[in-house]
2 protein chains.
Amino acid sequence: MATTAGGRRIASEGAGEPATLGEAAYQHLRTDIVAGALEAGKPLRLEALRQRYGFSFSPLREALMRLQSERLVLSTALRGFSVAPLSRDEMNDATETRILIESEALRRSMRDGDDDWEAAIVAAFHALSLQVERQSRISDEVDAVDMHAMDERHYQFHRSLIAHCGSPRLLDLADQLYVETQRYRLPCLVGRVAGTQARDVAAEHQQIMDATLRRSEDAVRHLAEHYRRTAATIEASMAWPLPAQSDIRLPR
Amino acid sequence: MATTAGGRRIASEGAGEPATLGEAAYQHLRTDIVAGALEAGKPLRLEALRQRYGFSFSPLREALMRLQSERLVLSTALRGFSVAPLSRDEMNDATETRILIESEALRRSMRDGDDDWEAAIVAAFHALSLQVERQSRISDEVDAVDMHAMDERHYQFHRSLIAHCGSPRLLDLADQLYVETQRYRLPCLVGRVAGTQARDVAAEHQQIMDATLRRSEDAVRHLAEHYRRTAATIEASMAWPLPAQSDIRLPR
DNA sequence: AAATGCAGTTCTTTCGAAAATTTAGTCTTG
DNA sequence: CAAGACTAAATTTTCGAAAGAACTGCATTT
């Protein structure tokens, strides 16, 4: 097995082969939770997971542990794990926290960013634009593969903005919140007819980038609006699971 | 700290006995890392930990996994774990991130806080004051037990300020950063002669509380200064391990 | 009927050993 | 003597089964 450099568990890390089964399990589970293949709120029985993925208990447990600390999985002491439920409150909390973190990171990047940083932003924006164009050219429907390619570019663009903030913690938190909010974004993308959006997301990105390169505080405002608008769109269009009474278990 | 910092993890956790060995291992390891009993930078060999704590591999691994995502432990794919090193950069990053998070949480608490919230702050402040007084009365030297009692009150006070922010994520992050920064604070407290401090920490706390109850933005400023002053004090007084060349391993 | 108590079952958690990989040491070779 | 190759030891990772706790359904009691 080819060893991957053990970087922090960032969203883009998945590229190389995972060095351990635990890592592999983590990646698979995370992908499936984010994509909704493992339904929100449902319990994650170890035996079922073993059959589904072919990992044995130890790596699975390890993966679930990690996912728990990223808020994708819940666990109760002797009752096992479950997929973290989706809710308006969680989404909004995640969105606002993301805005807090990324605003600060963006400010710092704008303060200290160098030419390479700027160049990377322009490049990422371009790559994202190309992807959008290609997609609308090739097919009307957005399928899972397109969606992931798209999402990767989208991630790279947003990350490039804050990349020069100088704080490993902020970048880490941003990554984590990106993944969390992905759970809410992705379901709304699949099956959507390309170009249907009322919003001009591309224009929003352009606005953010331009203001960022101008080192203008407008960038922060645009970014926040961008995220809030996305959250609002999702909140409106999503079929929210009403918090089931039966799922609520009093601790002991 | 009576309550585990990562308050979300387990429903029934808290002060009581940990329900599983994994949880117990987590608590022990965390305590020992924060207190410096497990030296920063040193590798954590599973066999050694098994002998020291009496837990077998599975619970230990689980605990280490959790600690890794809280930045107290590092791990590399097939080379095991080590205690996360201490450094000026990490401390400052943690401090600034903490300020970012708690400032926002404090603002929200001040915006929405009710009478109970205010009462809890006053109570926590009082408890902290009593503890400080008792300590300086009983003995000159600060020992480990005093230190923990003190730290618990201190934690409760700071937490009471932001308790009403309404965001589970912010509270969680604040808890995590509290623990992280504890690694830097605690070593500076042990052995210190009580009342020696040039700073009047009690007065700083009073200032923060007063401004908070007035719902004044000053509270945020005072809080930030409080944290920065602490960081500066530590930065000056601590014997920093110089980043050893030999510890650096290139990942292939 | 509601509450209580009691098997049997399901599921999580833990253990100890086996497998896989890295690390250290030794020897060889150019 | 440095670089490489091989071997042995140390260490992590993984497995599968055993142990322990929670859940289910049913009978019993109030």
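**Two-fold arrangement and DNA contacts**

In this predicted model, chain A can be laid on chain B with an RMSD of 0.1 Å by a turn of 180 degrees and a shift of 0.0 Å along the axis. This is therefore the relation of a two-fold axis. The superposition is by least squares on the C-alpha atoms of residues with pLDDT of at least 70 in both copies. Residues are numbered from 1 along each chain as its sequence is written, and chains are lettered from A, with ligands numbered from 1, in the order in which they are written. Local features need pLDDT of at least 70, side-chain atom pairs count only at pLDDT 80 or more, totals for chains, interfaces and linings use all residues, and side-chain values use heavy atoms, with hydrogens and water left out.

The copies meet through the same surface, because 89% of the interface residues of chain A are also interface residues in chain B. Contact here means heavy atoms within 4.5 Å. Within the protein, helix 7 (residues 168–189) of chain A packs against helix 4 (residues 88–112) of chain B at an angle of about 55 degrees, and their axes are 8 Å apart. Helix 7 of chain A is thus oblique to helix 4 of chain B. Angles under 35 degrees count as roughly parallel, over 145 as roughly antiparallel, 65 to 115 as roughly perpendicular and the rest as oblique. Axes are lines fitted to C-alpha atoms, for helices over the stretch in contact, and angles run from 0 to 180 degrees between N-to-C directions. Helices (H or I, at least four residues) and strands (E, at least two) are DSSP runs, numbered from the N terminus. From helix 7 of chain A, P168(A), R169(A), L170(A) and L173(A) meet E90(B), D93(B), A94(B), T97(B) and L100(B) in helix 4 of chain B. By class, this contact has five nonpolar, one polar and three charged residues. Ala, Val, Leu, Ile, Met, Phe, Trp, Tyr, Cys and Pro count as nonpolar, Asp, Glu, Lys and Arg as charged, and the others, Gly among them, as polar.

DNA strand C has 22 residues around it. A residue is near a strand if one of its heavy atoms lies within 4 Å of it. R61(A), A77(A), L21(B), S56(B) and R79(B) come nearest to DNA strand C. Sugar or phosphate accounts for 85% of the strand C atoms within 4 Å of the protein, and bases for the rest. The surface near strand C has ten nonpolar, seven polar and five charged residues. Its largest share, three residues, comes from helix 3 of chain B. Polar contacts (pairs of N or O atoms within 3.5 Å) reach both backbone and base. A phosphate oxygen of strand C is 3.1 Å from a polar backbone atom of L46(A). Another contact places a phosphate oxygen 3.2 Å from a side-chain N or O atom of R79(B). S58(B) has a polar side-chain atom 3.3 Å from a base nitrogen.

DNA strand D is surrounded by 20 residues, and L21(A), S56(A), S58(A), R61(B) and A77(B) are the closest. Helix 3 of chain A gives the most to this surface, with three residues. A polar side-chain atom of S56(A) lies 2.4 Å from a phosphate oxygen of strand D. For S58(A), a side-chain N or O atom is 3.2 Å from a base nitrogen.

Note on methods:
A polar contact is a pair of N or O atoms within 3.5 Å; within protein, one must be able to donate a hydrogen and the other to accept it, and residues adjacent in sequence count only if both atoms are side-chain atoms.
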